[in-house]
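Work through the exercises below with the sequence and the coordinates open. Each task is followed by a solution in steps.

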Amino acid sequence: MPLQQRLLLLCGALVAMLMVVNKIKKDKILMVDSIFWVVSSVVMMVVAAVPELAIAFSHILGFQSPSNFVFFCVVGFLFVKVFSDSAEISLLKNRVDELTQELALMDVGDTSHTDETNGSDQDESR
Amino acid sequence: MKVLAVIPAYNEEECLNDTLAKLAATCPDIDYVVVNDGSKDSTGAIVAGLGSSGINLAINTGLASAFRTGMKYAYRNDYDAVVQFDADGQHLPEYIPAMAQVLEQEDADIVIASRFLDGTRSPEGPRGMGSKLISSLIAATTGTRITDPTSGMRMYNRSMIEQFAKRFDFAPEPDTVALVLRRGGKVVEIPAEMQDRQGGESYLNITSIITYMSRTCLSILLFQWFR
């Protein structure tokens, strides 16, 4: 992998790290949600520092050049990330609906606690 | 000193009543509030019957959010201290008065009921490894050795109550203990026994354990310096 590409990778990783830290400082991202980005930056730094890794894997998997392999991996990971974000947005939509309904029912004077239909598909880790 | 026990409850129908009965019998002068975190079982019905000592969240929001609901309640009702207390019967209410005394006498921000302080036992198994790792990270970054950072029985003073009620991403977890220590706050441990959970199932599964450990370690090692 050419030196310029390794430097670019390193810069990208550093910029990503700075962006995450900046958001944390401003209370604009939960620490839980920043794990993915910190881990990704560290992996990018490792690939930039030890290009032999990318070279070995590109040989094994039949890529013409290590940079192709790196691009492929980044695109792959982003696909997965975008999909899991979609799933999370769906859950959030559902939760907003749920809350809106609960609030509206409160106005009607229904004080009974919520039924079993909620919570079943929620992310219990947050 | 007005002390409130905040008891987050998620699917705790099996032991919640016992826990509350023991708490009321042992510490009659301590108020409590149970926060039902959108349970799927009948915890909601139990909590609905508690009057002003019960809060039902409409959806499941997670332990930190449920606990912070209790902290907002404590802040608005002018409590001087809050003890984080498990609904599953692990925590013994006998220690609450001792914790309150230490909090007041030593002017501490956080008092932790530690299972390992007296040295007769040490953390074991995978859980213990996590606990030891967190303990050494806190010691390395703050210079203070916390023997039982993952103990869920902690007491917080008024200024901590306000921070829990108002600050962003502030969880009742070890990384908050580290943050308080680094900011010059005072954290004191007292020796305590704990029981095994008396029924029901734990909040934790593999994914949430990995997320928990990554969040805690990253927070102590990296984000602590920027928050």
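Two strands count as paired if DSSP finds at least two bridges between them. The structure is a predicted model.

**Exercise 1. Pairing of two strands**

Task: State in which sense β1(B) and β2(B) pair, and find the bridge partner of Leu4(B) in β2(B).

Solution. Step 1: strand β1 of chain B covers residues 3-9, and 6 bridges link this strand to β2(B). Step 2: the sense of the pairing is parallel. Step 3: Leu4(B) has Asp31(B) as its bridge partner in β2(B). Step 4: β2(B) itself spans residues 31-36, and 5 of its 6 residues are buried, so the strand is largely enclosed by the rest of the structure.

**Exercise 2. The whole sheet**

Task: Give the strand order of the sheet in chain B and identify the strands at its edges.

Solution. Step 1: the sheet is open and has 7 strands, in the order β3-β2-β1-β4-β6-β5-β7. Step 2: β3 (54-56) and β7 (187-191) of chain B each have a single partner strand, so one side of each lacks a neighbour in the sheet. Step 3: on average, neighbouring strands are turned by 20° against each other, direction ignored. Step 4: the pairing in the sheet is mixed. An antiparallel pair is β4(B) (residues 81-84) with β6(B) (residues 154-157), joined by 3 bridges. Opposite Val83(B), in β6(B), stands Met155(B).

**Exercise 3. Positive phi**

Task: Asn11(B) has a positive phi without being a glycine. Is Asn11(B) buried or exposed? Treat Asp107(B) in the same way: buried or exposed?

Solution. Step 1: the phi of Asn11(B) is about 50°, and this residue sits in the loop between β1 and α1 (16-26) of chain B. Step 2: Asn11(B) has 22 C-beta neighbours inside 10 Å and therefore counts as buried, the cut-off being 20 or more. Step 3: Asp107(B) has a phi near 50° and belongs to the loop between α4 (96-105) and β5 (110-114) of chain B. Step 4: with 10 C-beta neighbours inside 10 Å, Asp107(B) counts as exposed.

**Exercise 4. Surroundings of Asp41(B)**

Task: Locate Asp41(B) and list the residues that it touches, leaving out those up to four places away in sequence.

Solution. Step 1: Asp41(B) is in the loop between β2 and α2 (43-48) of chain B. Step 2: its 17 C-beta neighbours inside 10 Å make it partly exposed. Step 3: the residues touched are Asn11(B) and Glu13(B). Step 4: Gln198(B) is 157 residues away along the chain, and its C-alpha atom is separated from that of Asp41(B) by 17 Å.

**Exercise 5. Helices from two chains**

Task: Describe how α2(A) and α8(B) are arranged and which residues make the contact.

Solution. Step 1: two packed helices are described by the angle and the distance between their axes. Step 2: the axes of α2(A) (residues 31-49) and α8(B) (residues 206-221) come within 9 Å and cross at roughly 85°. Step 3: the two helices are therefore roughly perpendicular. Step 4: α2(A) contributes Met31(A), Val32(A), Ile35(A) and Val38(A), while α8(B) contributes Thr211(B), Ser214(B), Arg215(B), Leu218(B) and Ser219(B). Step 5: sorted by class, the contact has 5 nonpolar, 3 polar and 1 charged residues.

How values were computed. Residues are numbered from 1 along each chain as its sequence is written. Chains are lettered from A and ligands numbered from 1 in the order in which they are written. This is a predicted model: local features need pLDDT of at least 70, side-chain atom pairs count only at pLDDT 80 or more; totals for chains, interfaces and linings use all residues. Axes are lines fitted to C-alpha atoms, for helices over the stretch in contact, and angles run from 0 to 180 degrees between N-to-C directions. Helices (H or I, at least four residues) and strands (E, at least two) are DSSP runs, numbered from the N terminus. Angles under 35 degrees count as roughly parallel, over 145 as roughly antiparallel, 65 to 115 as roughly perpendicular and the rest as oblique. Two residues are in contact if their C-beta atoms, placed from the backbone, lie within 7 Å. Ala, Val, Leu, Ile, Met, Phe, Trp, Tyr, Cys and Pro count as nonpolar, Asp, Glu, Lys and Arg as charged, and the others, Gly among them, as polar. A residue is buried if 20 or more other C-beta atoms lie within 10 Å of its own, exposed if 12 or fewer, and partly exposed in between; C-beta atoms are placed from the backbone.
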